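Student: I have just opened this one and would like a guided tour. Could we go through it together, one question at a time?

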Amino acid sequence: RNFRKHLRMVGSRRVKAQTFAERRERSFSRSWSDPTPIKADSFHDSRESHDLQDSCGTLDGDFDLNWEAEKELEAMACDGEDFIPPKIMLISSKVPKAEYVPTIIRRDDPSIIPILYDHEHATFDDILEEIEKKLNIYRKGCKIWKMLIFCQGGPGHLYLLKNKVATFAKVEKEEDLILFWKRLSRLMSKVNPEPNIIHIMGCYVLGNPNGEKLFQNLKNLMNPYRVAFESPLELSAQGKQMIETYFDFRLYRLWKTRQHSKLLDYDDIL
C-alpha cells in the first residue's frame, strides 16, 4: 500500500496539470548552438515531434564515431561487482488491473524498474523521458539489458498508446512510431555480450505471420543495437521463464485469477 501511494502514472492528466508550465517552457527552449531558423508554423508542431526528430538526427553522421566512446562510458558506469543490469517493465494502464502489477514483481531482484503509463494520455516522449530518468536514478549512465512491454494487442500488432497501433506496415511508414523505436534503441545496452531482450506480454503478437514481420521490422529499426524480441505464450515453458524473470510467480498467478473479477478486492488478497 505504501508503494502504491507513491506510484505515479506516467502521462496521466494529474501529472500533466502539475507540470504543464514546465513542459511548455521546455517545448520552446532551444540550444544556443542550434543554427536552425525558427519557422512561424513550427510553434504548432508537437514537442514530442521536435524532441524525437532531434534525438533521431544524432543516429546519423557522427553516430558510428561516437559508438565506441559511448560504449566505454557505459562500461565505466556499469563497473563493479555490485552492478545488476537493469530490467525495465513498461506497463500500459489499458491492461486490466494494471495498477497492481508493480506490487507483484520479484522482491528479491532490485534491478526490476516498473513504469506504469497512462494509455489514454501519455505520449511516446513521456515514456522515453521516464525510462531515461529511472535508468539514471538506478545507475547514472547504465542502459537497458532486458525490457518487458506489458500492453494490449493481438496477432501481428501492439496497442501501445491510444490511436497508436504498431503493425509491421505502420512501423515502416508512420514517423512517430519509427522515431519511438529508434530512440528506444539508444537506451539499450552496448556492453551486454548477448542481444538485449524485449519481452512482449499481455498479447500474443506471434499469433500470425505478421507478428514475425513486425518483430523483424522493429529489429531493423533498432540497428545497430542488437535486440531480440520475444512474445511466448504464458502457459509455455518459455512463457513461465519470462514471467519468473520479472514477477513473483505465486503473486502473478494470484493477480491473474483476479484480473477480471469484481467479486473480491485484490487488496484483501495482497
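Student: Is Asn163 buried or exposed?
Tutor: Let's start there, keeping in mind that this is a predicted model. Asn163 sits in the loop between S5 and S6. Its relative accessible area is 64%, and a residue counts as exposed when that value is over 50%. Therefore Asn163 is exposed.

Student: What is the phi of Asn163?
Tutor: Most residues other than glycine have a negative phi. Asn163 is not a glycine, yet its phi is positive, at about 65°.

Student: Where does Lys97 lie?
Tutor: Lys97 is another residue to look at for its backbone: it is not a glycine, but has a positive phi of about 55°. As for its place, Lys97 is in the loop between S1 and S2.

Student: Which residues does a cis peptide bond join?
Tutor: Most peptide bonds are trans. Here, look in the loop between helix H8 (209–221) and S8, where Pro224 is found. The cis bond has an omega of about 5° and joins Asn223 and Pro224.

Student: How confident is the prediction, as a mean pLDDT of the protein?
Tutor: Some stretches score low: residues 1–6 have a pLDDT below 50, and residues 23–49 stay under 50 as well. Where pLDDT is low, the predicted coordinates should not be read in detail. Over the protein, 75% of the residues reach 70 or more, and the mean pLDDT is 83.

Student: What is the order of the strands in the open sheet of five strands?
Tutor: Strands of a sheet pair through backbone hydrogen bonds, either parallel or antiparallel. In this sheet the pairing is parallel. Strand S2 (112–117) and strand S8 (227–230) each have a single partner strand, so they stand at the edges. The order is S2-S1-S3-S7-S8.

Student: Which residue of S2 is the bridge partner of Ile91?
Tutor: Strand S1 (residues 87–92) is joined to strand S3 (residues 146–150) by five bridges, and Ile91 stands opposite Phe150 in S3. S1 also pairs with S2, in the parallel sense, over six bridges. In S2, the bridge partner of Ile91 is Leu116.

Student: How many residues of S2 are buried?
Tutor: In a regular strand the side chains alternate between the two faces of the sheet. In S2, Ile112, Pro114 and Leu116 point one way, while Ile113, Ile115 and Tyr117 point the other way, and all are buried. The strand is mostly covered, and the count of buried residues is six of six.

Student: Which strands are at the edges of the sheet with the order S4-S5-S6?
Tutor: This open sheet has three strands with antiparallel pairing. S4 is joined to strand S5 (residues 157–161) by three bridges, and Gln152 stands opposite Tyr159 in S5. The strands that pair on one side only are the edge strands, S4 (152–154) and S6 (164–166).

Student: By how many degrees are neighbouring strands of this sheet turned against each other on average?
Tutor: Here we take the average over neighbouring strands and ignore direction. For the S4-S5-S6 sheet, that turn is 25°.

Student: Which helix packs on this sheet?
Tutor: The helix touches S5 and S6, and its direction makes about 90° with that of S5. The helix, residues 175–185, is H7.

Student: How many of the 11 residues of H7 are buried?
Tutor: The buried residues of H7 include Leu177, Ile178, Phe180 and Trp181. Arg183 and Ser185 are also among them. H7 is largely enclosed by the rest of the structure, because its buried residues number eight.

Student: How many disulfides does a search of the whole structure find?
Tutor: A disulfide is a covalent bond between the sulfur atoms of two cysteines, and the cut-off used here is within 2.5 Å. For Cys78, the nearest cysteine sulfur is that of Cys142, 5.8 Å away; for Cys203, it is that of Cys151, 4.7 Å away. The number of disulfides found is zero.

Student: Is Cys203 buried or exposed?
Tutor: Buried means under 20% relative accessible area. Cys78, at 11%, counts as buried. Cys203 has a relative accessibility of 12%, so this cysteine counts as buried.

Conventions. Residues are numbered from 1 along each chain as its sequence is written. This is a predicted model: local features need pLDDT of at least 70, side-chain atom pairs count only at pLDDT 80 or more; totals for chains, interfaces and linings use all residues. Side-chain values use heavy atoms; hydrogens and water are left out. Two strands pair if DSSP finds at least two bridges between them. Helices (H or I, at least four residues) and strands (E, at least two) are DSSP runs, numbered from the N terminus. Axes are lines fitted to C-alpha atoms, for helices over the stretch in contact, and angles run from 0 to 180 degrees between N-to-C directions. Contact means heavy atoms within 4.5 Å. pLDDT is the predictor's confidence in each residue, from 0 to 100. Buried means under 20% relative accessible area, exposed over 50%, partly exposed in between (1.4 Å probe, protein chains only).
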